[in-house]
Amino acid sequence: MAVYRVLNQLVLPEDEFRVAGASILETIDSLDNGPEGMDDDMTEWVPVGRGLPLTVMIRHVYTGRFPETGFFSSTGRDIAVVSGVKDYDIFAASARALNFIATETAPHAHLDGPDAFSQGTALVTYSPAVLTSSVTVSVELAVSTFPQSFLSSLSAAFGSLAGLPILMPYAGYLLGAGQVMRIAGDIGHALFDGPVFGLTDRLEFEIAGARRPRADFRILAPATLRAERYEYRDDPSARGLFDKETHRPYAGNEPYIVLSLDGRERPELKDFAPTVASAAVLQRFFQVKDGQQAAVDAVVEGLRLVSDLKYRTRADELKKQMAAVGDDAARKKKIVDELAAVTKNIQQPELRP
């Protein structure tokens with residue numbers, strides 16, 4: 001697997017970016033049309049980093065040879081786009097999130113996320129302020145033909161989520177905001193038994209020797225794709241990898257996935273992390289029969305409170321450190337910055353310092 005960075009339309013392998021990225025960024029930032037070569041009508045990137053907000057989104061999926069066709073399956077099949085995030089401080093384990101399903105999809109398809117008439121979301125994760133040294137992001141493609149009963153269950157769950165991905169804490173269960181749903185016939189187990197393709201990227205905010213993440217596009221692809229031979233375009237009418245000489249879109253058999261990282265604050269997504277946390281512990285609390293639903297508001301609220309108390313305790317520790325730091329201005333600034341980041345992760349106003 002390879003990770004590529006997108007600077008302007010230039011596609012650069014991650015290892016090459018580590019060596020020459022600084023000089024390339026200086027050249028791009030000095031251009032007359034601004035950072036990243038953006039047009040005036042393009043929304044600017046907001047920097048990411050430790051202590052800052054982080055939004056990760058799926059911007060484009062090229063399915064390559066998937067779904068593979070054969071003698072008994074010559075028509076299109078359904079593709080589920082699934083994501084997972086690990087190492088945020090408020091939950092210990094990742095829960096798979098079902099972002100969207102593209103039905104009756106043929107090989108070599110381009111997916112930008114759910115359309116206006118489909119359920120789903122391109123959001124992978126949101127954090128009000130990153131307080132961990134490393135965040136691991138994985139995206140998978142699962143291929144199947146899902147029965148209408150399963151798609152109806154998804155519709156009901158997505159309807160309660162207010163823009164968040166549906167979480168799959170374990171086989172056969174869907175977690176929406178405020179409800180857990182048991183899928184009749186344990187269809188969810190088949191969905192994730194064998195993803196046909198998966199890629200992982202690690203965002204290293206404070207790892208010695210690693211270059212810090214930058215707000216930009218990232219392309220995840222098999223190493224055999226050699227994406228540096230192409231350029232990346234993000235125009236609505238022409239999105240994906242394009243040949244530098246012929247300007248034709250890449251149409252090979254290797255799939256790839258494009259993510260975006262941005263540091264813009266998004267208060268409407270504040271419930272994302274507590275909902276993920278509840279997915280990791282649901283099995284302890286619920287025994288739901290096929291086709292039934294159960295309220296999980298108490299679990300989500302309880303985990304939100306636990307998270308807030310954890311961060312409040314850390315905030316109190318930082319305030320004590322600040323009082324004892326003396327005249328060390330550099331140390332005091334570091335404590336102040338961390339205190340501000342910790343406070344952003346406390347959702348209940350009554351618990352903020």
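Q: Before H6, what is the expected span of a helix?
A: The expected span is 1.5 Å times one less than the helix's number of residues. Helices (H or I, at least four residues) and strands (E, at least two) are DSSP runs, numbered from the N terminus. This is a predicted model, where local features need pLDDT of at least 70, side-chain atom pairs count only at pLDDT 80 or more, and totals for chains, interfaces and linings use all residues. Residues are numbered from 1 along each chain as its sequence is written, and side-chain values use heavy atoms, with hydrogens and water left out.

Q: OK, how far does H6 reach from its first C-alpha to its last?
A: H6 has 16 residues and reaches 23 Å, close to the expected 22 Å.

Q: Which residues of H6 are buried?
A: Ile335, Leu339, Ala341 and Val342 are buried (under 20% relative accessible area; exposed is over 50%, partly exposed in between, with a 1.4 Å probe and protein chains only). Seen down the axis of H6, the buried residues line one face, because they fall within an arc of 165° (the arc of the directions from the helix axis to the C-beta atoms).

Q: And what's exposed on the other side of H6?
A: Ala329, Ala330 and Lys333 are exposed there.

Q: Where is alanine 340 found?
A: Alanine 340 is in helix H6, residues 329-344. It counts as partly exposed because its relative accessibility is 41%.

Q: Switching to strands: how many bridges join E3 to E7?
A: Four bridges join E3 (residues 54-62) to E7, and the two run antiparallel. Threonine 55 has tyrosine 126 in E7 as its bridge partner.

Q: Why is E7 largely enclosed by the rest of the structure?
A: Because five of the five residues of E7 (residues 123-127) are buried.

Note on methods: Two strands pair if DSSP finds at least two bridges between them.
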